[in-house]
Amino acid sequence: MKKQWWHDKVAYQIYPKSFCDSNGDGIGDLQGIISKLDYLKELGVDILWLSPIYCSPLADQGYDISDYYNIDPRFGTMQDMDELLAEAKKRDMYILMDLVVNHCSDEHEWFQKACQDPDGKYGKYFYIEDVKDGKLPCNWRSYFGGSVWDKLPGHENKYYYHAFHKKQPDLNWENPQVREEIYQMINWWLDKGLAGFRIDAIINIKKVLPWRDFVVDQPEGLSHISNMLKEATGVGEFLGEMRDRTFKPHNAFTVGEVFNEKPEELADFIGDDGYFSTKFDFSTTIFGGSPKGWYDRKKITAEDYKHCCFESQKKSEGIGFLSNIIENHDEPRGVSHYLPDGEVNDTGKKMLATLQFFLKGLPFLYQGQEIGMENYPFQSIEEVDDISTLDEYQLARNAGLTPEEAIKAVGCMSRDNARTPFQWNAGTNAGFTSGTPWLHVNPNYKQINLASQKNDPDSVYSYYRSLISLRKNEKYRETIVHGRLTPVWEDHHNLMAFYRTGPKQTLLVIANYQKDSQTVTLEHDVQNVLINNCSDLKLHDRTLLLEGYQAVVLELSV
């Protein structure tokens, strides 16, 4: 595997709407991000990914883009974006934007022109079909519920395809003119100084054509779109062309949001000449999913978490780098999701952080993760903004759950959990805004906030700084970044342990993934304790007693 400039970096996702509001309108913005660059630099972050800030009606929080070449006024101006790029460069930081090109907004000029003339040039930018007698071209269910087909505005018998929200019409990648438009836009941003992109929902650009029905998996007679994606082939032709025309000439960094690649295709996606630099490892986030909906989801256990991580590491070894996450803007808060109910505490939060940073790959933090932000305590569906949660709530109600049962079942998975404002301090609105926040602040902000943790050496924040510093330590960097990962004691219940082996040292990462203490006998003597999320290390000869949720990284005498 060739070494790349980004391999030893630490990445951080910003959800601009909820990060920092500079003008008091209740919405985070670019000037707010600029004001926090020194904070992020001090934390140790190198790469910043911004969720969408393009012009958008926000039907799906910016993932419905109406103008790829402009900044939405809610977030600022192009001048603000240029300032952000310049200020980041001064600090040796890299800026990524979201690349959302499976679909655009129904308010984009292209779709507006397609509605005016469905048989003209722009009608071919989308999937538009004639429908007779109400018989839709296929029975696929969109990601947000309901059919992927909706009536084309102004046309009684013409329908357009949308894999996501009805305000997000899919772009027709089979049309070379569409691809040219996309490549031109990508290169425009890279020429401006962007370091690269996080690439959204990209596997969806290839459909099984001609349209046909797939197996019905819910009572309303539809088939989840993932059933189609399992049989779709040929996406690599599009992705390879995009890489060669845009990313490769700029030596850009790209991270793919890819859920459905086939096992034999991993090298094509993230190998030395892959379509992308890396892809997110979603093995733990998708675990336990049910075709019935979130209400039927299986809760992930420590053993499940361990097996998911090790399986991903095994598949990627010698092929390419994964990007490792605990949470993002589409997931609940990781500490609330991966730690058992009633056991979410600072020790467990630090344990999860340790595992994330010592798995092989690029660690991606999500805003607020570094202070241990938790899920929002939803009491009713009226508190929910997220369109996906609203759909899942209805599925739960249709399945017979009471309103109280339904909100409990789906609230823990809601995307709003990660979108509540960043908790900067214990002041009004957690220091996020002087106005009224667009989304409720988590009521625990007085206990969990940056100001209370910044100068506390035992805080979650300080622990993250230590992990980042250790990853960049000249003595251990080669082993932590490029060293081989070898699982150990895999059958030891609720214990996750692995070696990281480099040319100069062997490290043992060991985490007690439960509230009760347990003992393990080491295979080698300990030379040095690199990090420990508890105040004490109970090691006698080679017998190590681990407290509940204790995680340690040991340098061994091998």
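## Helices, buried residues and backbone exceptions in a predicted model

Just after helix α3, residue D92 takes a positive phi of about 55°. The model described here is a predicted one, and D92 is a useful place to enter it. D92 lies in the loop between α3 and β5, and it counts as exposed, at 57% relative accessibility. Most residues other than glycine have a negative phi, and most peptide bonds are trans. D92 departs from that pattern, since its phi is positive although it is not a glycine.

### Helix α3 and its surroundings

The helix that precedes D92 runs over residues 78-90. At 1.5 Å a residue, the 13 residues of α3 should span 18 Å, and the 19 Å between its end C-alpha atoms agrees with this. At the start of α3, a side-chain oxygen of T77 reaches to within 3.3 Å of the backbone nitrogen of Q79.

Which residues of α3 are buried? They are M78, D80, M81, L84, L85, E87 and A88. What covers these buried residues includes the helices α1 (30-35), α2 (37-43) and α5, together with the strands β2 (47-50), β4 (67-71) and β5 (94-99).

For one of these covering elements, α5 (residues 176-192), the geometry can be given in detail: its axis and that of α3 come within 11 Å and cross at roughly 55°. An angle of this size is neither under 35 degrees nor within 65 to 115, and the two helices are therefore oblique to each other. The contact is made by M78, M81, D82 and L85 on the side of α3, and by W188, W189 and K192 on the side of α5. These contact residues divide into five nonpolar, no polar and two charged.

### Helix α12 and residue V460

Helix α12 covers residues 346-358, and its 13 residues reach 18 Å from the first C-alpha to the last, close to the 18 Å expected at 1.5 Å a residue. Eleven of the 13 residues of α12 are buried, so the helix is largely enclosed by the rest of the structure. The buried residues include K349, K350, M351, L352, F357 and F358. The N-terminal end of α12 is capped by N345, a side-chain oxygen of which lies 3.2 Å from the backbone nitrogen of T347.

V460 is found in helix α17 (residues 460-472). At 2% relative accessibility, which is under the 20% cut-off, V460 counts as buried. Leaving out residues up to four places away in sequence, V460 touches D346, K349, K350, Q369, E370, I371, G372 and Q453. The C-alpha atoms of V460 and L84, which stand 376 residues apart along the chain, are separated by 28 Å.

Another helix, α14 (residues 403-411), has A406, I407, A409, V410 and G411 as its buried residues, and what covers them includes α13 (387-398) and α15 (416-419).

### Two buried residues with polar contacts

H162 is found in the loop between β9 (158-161) and α5, and it is buried, with a relative accessible area of 3%. Leaving aside neighbours within four places in sequence, H162 is in contact with S142, S147, V148, W149, D150, Q168, P169 and D170. The C-alpha atoms of H162 and H103, 59 residues apart along the chain, are separated by 7.7 Å.

T284, in helix α9 (residues 283-286), is likewise buried, with a relative accessible area of 3%. Its contacts, again without neighbours within four places in sequence, are I300, Y305, C308, C309, H337 and Y338. The polar contacts of H162 and T284 are set out below.

| Residue | Partner | Distance |
|---|---|---|
| H162 side chain | D150 side chain | 3.1 Å |
| H162 side chain | F164 backbone oxygen | 2.8 Å |
| T284 side chain | Y338 side chain | 3.0 Å |

### Further backbone exceptions

Where else does a residue other than glycine have a positive phi, near 55°? D133 has such a value. D133 is placed in the loop between β6 (128-130) and β7 (140-141), and at 83% relative accessibility it counts as exposed.

A further exception concerns a peptide bond: the one from L209 to P210 is cis, with omega near -5°. P210 is found in the loop between β10 (196-199) and β11 (223-224).

Methods:
Residues numbered from 1 in each chain as written. Predicted model: local features only at pLDDT ≥ 70, side-chain atom pairs only at ≥ 80, totals over all residues. Heavy atoms only, no water. Axes fitted to C-alpha atoms, helices over the stretch in contact; angles between N-to-C directions. Helix = DSSP H or I, 4+ residues; strand = E, 2+ residues; numbered from the N terminus. Parallel < 35°, antiparallel > 145°, perpendicular 65-115°, else oblique. Contact = heavy atoms within 4.5 Å. Nonpolar A, V, L, I, M, F, W, Y, C, P; charged D, E, K, R; others polar. Expected span 1.5 Å × (residues − 1). Buried < 20%, exposed > 50% of the residue type's maximum accessible area, 1.4 Å probe, protein only. Polar contact = N/O pair within 3.5 Å; in protein donor to acceptor, adjacent residues only side chain to side chain.
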